[in-house]
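Q: I would like to learn how to read a structure like this one. Could we go through it together?

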Amino acid sequence: MSRAALLAGLLALATLAQGHDEYHRQGAPRARAEAGERLADPAELRPEHWAQDAAAATLRRLAAGAARGAGVARNVVLFLGDGMSGATMAAARAHLGQRSNRTGEETDLYFETFPTVGLAKTYCVDAQIADSACTGTAYLCGVKANRGTLGVSAAVARGHCRAAVGSDHHVDSIAAWALQDGRDAGIVTTTRVTHASPAAAYAHSAERDWESDTDVADACADTPAEHRQDDIAKQLVHSFPGNQFRVILGGGRREFLPNTTLDEDGTPGRRSDGRDLIAEWRTAQAARGRRAQYVSDLAQLRAAADAAAPPDALLGLFAASHLPYHLQAAPGDPSLADLTEAAIRVLARNPRGFFLFVEGGRIDHAHHDNLPRLALDETVELAAAVERAAALLDERDSLLLVTSDHAHVMTYNGYARRGGDVLGPSDEVDARGVPYMTLSYANGPGFRPHVAEGLRDDLTRYDYTAAEFPFEAGAPRSSETHGGDDVAVFARGPAHALLAGLQQQSHVPRRAAAAACLGPPPHAPACRRWRRGAASSADP
Ligand SMILES: *[C@@H]1O[C@H](CO)[C@@H](O)[C@H](O)[C@H]1NC(C)=O
Ligand SMILES: *[C@@H]1O[C@H](CO)[C@@H](O)[C@H](O)[C@H]1NC(C)=O
Ligand SMILES: [Zn+2]
């Protein structure tokens, strides 16, 4: 690929969609690379680059005996804590323990007991600090991409109206690999099912914000309709692999309904094309010979999943947009653990196995608003969902992975005593004698002007135990930013040791594929080879 092509890929050619994602507003795109700017190696625009990079690392781990004695993963469940940084996990485990009146720091989130831990580097091809779209493309499709893009290589510039049309630059997810192998697949999230993280499992889009046709039409008014890509909701219902998913559970009804239709809660849809994609999903699934069911609250979800014969395909949309935070949920709202259990009940009937993606998507949103009480609680909820899945799936045939897409800029400040309230003030004060909280942010809406020259506001004067009380931020921003730290990768189940070590985020699905003998070469063939080797070897 030439340098000119690289530049074409990296320079934004189109204005960004206005977007309706309050947590991820973007600044103006840069028109051109600045003089002296460092640009990524052109090889990074090719999916093969990332495949070779992952293959080398995986084969080294196999050669080192990472899969010795392991069976093959029939099922793979990938749990994603959106924005679950290292500091988030450390504070969440203290918070979990303190809710039981313990000191807290010694507590384990359920997945922290998994036998393998790795680290993943989250940068994207055009971004030092990642977003959930390019990272989703990495940990689900095994390819690093440009910020804001989904299921496409870095040859596609964000917001380019024609670049993702046709399959030239499409990259497939591990959900697609599982389906191609005769297994089943599904997605579960607390965000809209069309939001960036789950969408990376099925969509190919130059822009994460193109969730309904209205978004595409607004951004691509100058592109004739027949040359525009499909919106993300339509891809989920009508394109491979979304159209074959057995389970789709989360929020986002508004992206599926016409702007003339009200949903169960009286919220209008956002579609301009007049299509009711929930009805179309039912019809399309029935045409495949599947017993398809749509549910919209917890009681309906339970009735469907606990039935003697659960439906063949289950679509559950529980909110117009995102699901509420767990701390603010109503009794009819399912928890992430409820959704995970229902998904596994539907998927577990395929003897060949399944791939399931489960996202705790609102850790990220709470951090963007500098609300650590909500962020920590959502992290605890993710751990509860992992625990529910672990109780339902056999460690001998099910690989459970828990990771994050990117960090956030919450810090866990010094120096509280052991057992100090992790959501309270530190035991120390600043140089002017003003208290500060144990958790604070480098930036975000929690910024407060100094009350006098050099004198910070004293947050302990306020009710900082309120869920919506923003903690302190150093630089004012309407939305706190992601962070560039590495994220953790926890693994339990067959060949879990393949996930150990510091790795590119794009290795995650490929190493999982090597544990499950699925996906494109070389991972599936390598998996079959060591299986044969293991079978013929005395080494158990
Ligand atoms: C923790 O202690 C408080 C105050 O003594 C008590 O009300 C609460 O029930 C305790 N919680 C647990 C989980 O033990
Ligand atoms: C609904 O979509 C139609 C077709 O694009 C448009 O003309 C109309 O203004 C929209 N209505 C609302 C309430 O947005
Ligand atoms: Zn975010």
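A: Gladly! A residue is called buried when its relative accessible area is under 20%, and exposed when that area is over 50%. Keep in mind that this is a predicted model.

Q: Is Ile 278 buried or exposed, then?

A: Ile 278 has a relative accessibility of 6%, so it counts as buried. You will find Ile 278 in helix H9, which covers residues 277-287. Its C-alpha atom is 8.2 Å from that of Val 237, although the two residues are 41 apart along the chain.

Q: How many residues of helix H14 are buried?

A: The same cut-off of under 20% applies. In H14, residues 507-516, 10 of the 10 residues are buried, so this helix is largely enclosed by the rest of the structure. Among them are His 507, Pro 509, Arg 510 and Arg 511. Just after H14 comes Cys 517, with a positive phi near 55°.

Q: What span does helix H13 reach from its first C-alpha to its last?

A: A helix is expected to span 1.5 Å times one less than its number of residues. H13 runs over residues 372-392 and reaches 31 Å, close to the expected 30 Å. It is also mostly covered, with 16 of its 21 residues buried.

Q: Which residues form a positive surface patch?

A: Lys and Arg are the residues counted as positive. Here the patch consists of Arg 528, Arg 529, Arg 531 and Arg 532. Arg 532 sits in helix H15, residues 523-536. Its relative accessible area is 54%, so Arg 532 is exposed.

Definitions and conventions. Residues numbered from 1 in each chain as written. Chains lettered and ligands numbered in written order. Predicted model: local features only at pLDDT ≥ 70, side-chain atom pairs only at ≥ 80, totals over all residues. Heavy atoms only, no water. Patch = residues over 30% accessible without salt bridge, like charges linked within 9 Å, V, L, I, M, F, W, Y side chains within 5 Å. Areas by Shrake-Rupley, 256 points an atom, 1.4 Å probe, with all protein chains shown as cover. Salt bridge = Lys/Arg side-chain N within 4 Å of Asp/Glu carboxyl O. Charge placed at Lys NZ, Arg CZ, Asp CG, Glu CD. Helix = DSSP H or I, 4+ residues; strand = E, 2+ residues; numbered from the N terminus. Buried < 20%, exposed > 50% of the residue type's maximum accessible area, 1.4 Å probe, protein only.
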